[in-house]
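Student: I would like a close look at a single part of this protein. Please start from one residue and work outwards.

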Amino acid sequence: MNKRVSIYQVDGALLLGVLIVIILYFGRPFLVPLFFAVILSMLFLPVSYRLERWGVGRLSATLLSILLLLVLIAGFCGVIYAQAVTFANDWPQIKPKLQDFLQQAQEWVHQRFGLTAQEQISSLKSQVSKLSSSSGQTITAVVGALGGLITSFVLVVLYMFFLMWKREKFRDFFLKLAAPENRSDMRDSLDKITQVSAQYLIGRLISMLFLAVFYAIGLSILGLQNAVLVSIIAVIPTLIPYIGAFVGATFPLGMAFLNGSPDLLLPTIVILVAAQIIDNNIIEPLVMGNKLDLSPIFTIIAVVAGELIWGIPGMILFEPLFAIIRIVCEHIPALHPYSFLLSNELDEPQWMGKMKQMLGRIRS
């Protein structure tokens with residue numbers, strides 16, 4: 001009888017897991033903006049709390065918090081635009097170096113595969129003609145993607161407004177779901193989820209800011225043109241754990257090769273590696289600590305599963321989502337083994353604990 005019950009339980013758990021994956025996959029257009037709005041709301045709640053303590057009404061505080069988000073996004077886009085204009089002005093200097101690089105690439109292909117330059121150009125033209133024949137579909141897809149991005153952004157802002165404005169209602173809803181004797185644990189879970197999500201986003205943003213400044217200073221010292229733009233583009237992919245650092249590094253390396261000379265490649269690699277070492281071992285542990293408390297292997301699993309289910313947004317969102325699942329499992333006795341499985345097994349270095357204590361004394 002026990003064996004039958006255990007088999008039924010396993011089958012039920014597997015069926016529930018498959019059902020959740022199906023809901024996440026097909027509900028992506030609805031769930032992705034909602035999850036972004038939830039995490040951003042947790043990030044900007046302290047701003048709303050501070051404004052309300054200063055005597056600003058709830059509605060006005062919520063609108064001002066969202067306005068702050070829009071100003072930050074506009075400022076970021078403005079910096080990129082200004083750097084892009086500078087890059088466009090420098091394009092006449094970059095173009096001859098790019099042509100030299102393409103010529104060297106043609107010679108390498110000819111020596112390796114026996115294709116002449118004319119044959120390579122003919123093959124390239126045929127590929128371009130194929131792309132041109134489907135240009136209408138490509139333009140339609142790009143316009144559709146842009147429209148979907150704008151729609152998703154508007155939904156994020158709307159969701160964020162209502163989540164922050166009527167936050168007590170949503171909190172009371174989850175408390176009412178729990179039995180009276182379990183509401184204290186539910187309240188602790190909600191508080192912890194809010195703290196972890198906000199701390200994760202703040203830590204990630206501080207980490208990206210550090211990398212951008214470090215890259216910009218280092219690449220400027222090397223004499224790389226458009227160092228600020230290159231740094232920003234290199235830092236954006238770091239929103240994705242582990243993988244983003246490698247993806248972002250390709251652009252500075254390519255610009256170092258085209259904008260300068262091959263001699264700049266090694267110093268650029270040194271700057272990128274040094275920044276990542278400092279960020280991974282000092283900046284992130286200090287600003288994020290062990291708030292997520294997520295095992296490294298499940299961080300990677302979260303990135304892979306997020307890409308399979310939600311694409312790039314999933315690679316960003318599934319790490320805090322897994323951390324939320326760990327917190328929920330931690331407060332439900334029957335799910336404690338899953339919390340144990342997801343939790344981080346690495347101990348914090350002693351020097352890191354001492355540094356946190358010192359920073360805590362300074363703040364107090």
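Student: Where is the place of Ile309?

Tutor: Ile309 sits in helix 11. Keep in mind that this is a predicted model, and that every value below is computed from it.

Begin with the residue itself. Ile309 has a relative accessibility of 11%, so it counts as buried, the cut-off being under 20%. Setting aside neighbours within four places in sequence, Ile309 is in contact with Val21, Leu24, Tyr25, Arg28 and Phe318. One of these partners, Tyr25, is 284 residues away from Ile309 in sequence, yet the two C-alpha atoms are 5.2 Å apart in space.

The next residue to look at is Trp310. Not counting residues up to four places away in sequence, Trp310 touches Leu24, Tyr25, Arg28, Leu31, Val32, Phe35, Leu317 and Phe318. Leu24, Tyr25, Arg28 and Phe318 are thus among the contacts of Trp310, and they are also among those of Ile309.

Now widen the view to the core. The largest nonpolar core has 28 residues, and Leu24, Leu40, Phe44, Met160, Trp310, Phe318 and Phe322 are the ones with the most contacts inside it. Five elements give two or more residues to this core: helix 2 (28–53), helix 3 (58–113), helix 5 (135–165), helix 11 (296–310) and helix 12 (312–330). Helix 2 supplies the largest share, eight residues. Both domain 1 (27–115 + 126–177) and domain 2 (182–363) give residues to this core, so the core lies between the two domains. There is also a second, separate core of 19 residues, which includes Phe210, Ala227, Ala249 and Ile283.

Return to helix 11, where Thr299 is also found. With a relative accessibility of 5%, Thr299 counts as buried. Its contacts, leaving aside neighbours within four places in sequence, are Pro241, Tyr242, Leu294 and Glu319.

A record adds some context here. An unreviewed UniProt entry places the feature "transmembrane region" at several spans, including 201–222, 228–252 and 295–318. In the model, residues 295–318 are 92% helix and 0% strand, and the end C-alpha atoms of this span lie 13 Å apart. Residues 201–222 are 100% helix and 0% strand, with end C-alpha atoms 31 Å apart.

Helix 7 covers residues 183–222. Its 40 residues reach 58 Å from the first C-alpha to the last, close to the 58 Å expected at 1.5 Å a residue. Just after helix 7 comes Gly223, which takes a positive phi of about 90°.

Further along the chain, two residues can be set beside the buried ones. Ile236 is in the loop between helix 8 (227–235) and helix 9. At 36% relative accessibility, Ile236 counts as partly exposed. Ile236 touches Phe76, Ile80 and Met208, not counting residues up to four places away in sequence. The C-alpha atoms of Ile236 and Ala212 are separated by 9.1 Å, although the two residues are 24 apart along the chain.

The other residue is Phe246, in helix 9 (residues 243–259). Phe246 has a relative accessible area of 66% and is exposed. From Phe246 to Leu272 there are 26 residues in sequence and 9.6 Å in space, C-alpha to C-alpha.

Finally, place these parts in the whole chain. The protein chain has 14 helices and zero strands. Of its 364 residues, 32% count as buried; Ile309 is buried, and Thr299 is buried as well. Among contacts with a separation of 6 or more, 70% join residues 24 or more positions apart. The pair Ile309 and Tyr25, at 284 residues apart in sequence, is a case of such a separation. The chain exposes about 22,600 Å², and carbon and sulfur atoms supply 70% of that area.

Technical notes: Residues numbered from 1 in each chain as written. Predicted model: local features only at pLDDT ≥ 70, side-chain atom pairs only at ≥ 80, totals over all residues. Heavy atoms only, no water. Helix = DSSP H or I, 4+ residues; strand = E, 2+ residues; numbered from the N terminus. Expected span 1.5 Å × (residues − 1). Core = buried A, V, L, I, M, F, W, Y, C linked by side-chain atoms within 4.5 Å. Buried < 20%, exposed > 50% of the residue type's maximum accessible area, 1.4 Å probe, protein only. Domains from an automatic or database assignment. Contact = heavy atoms within 4.5 Å. UniProt positions renumbered as here; feature names shortened; annotations may be inferred. Areas by Shrake-Rupley, 256 points an atom, 1.4 Å probe, with all protein chains shown as cover.
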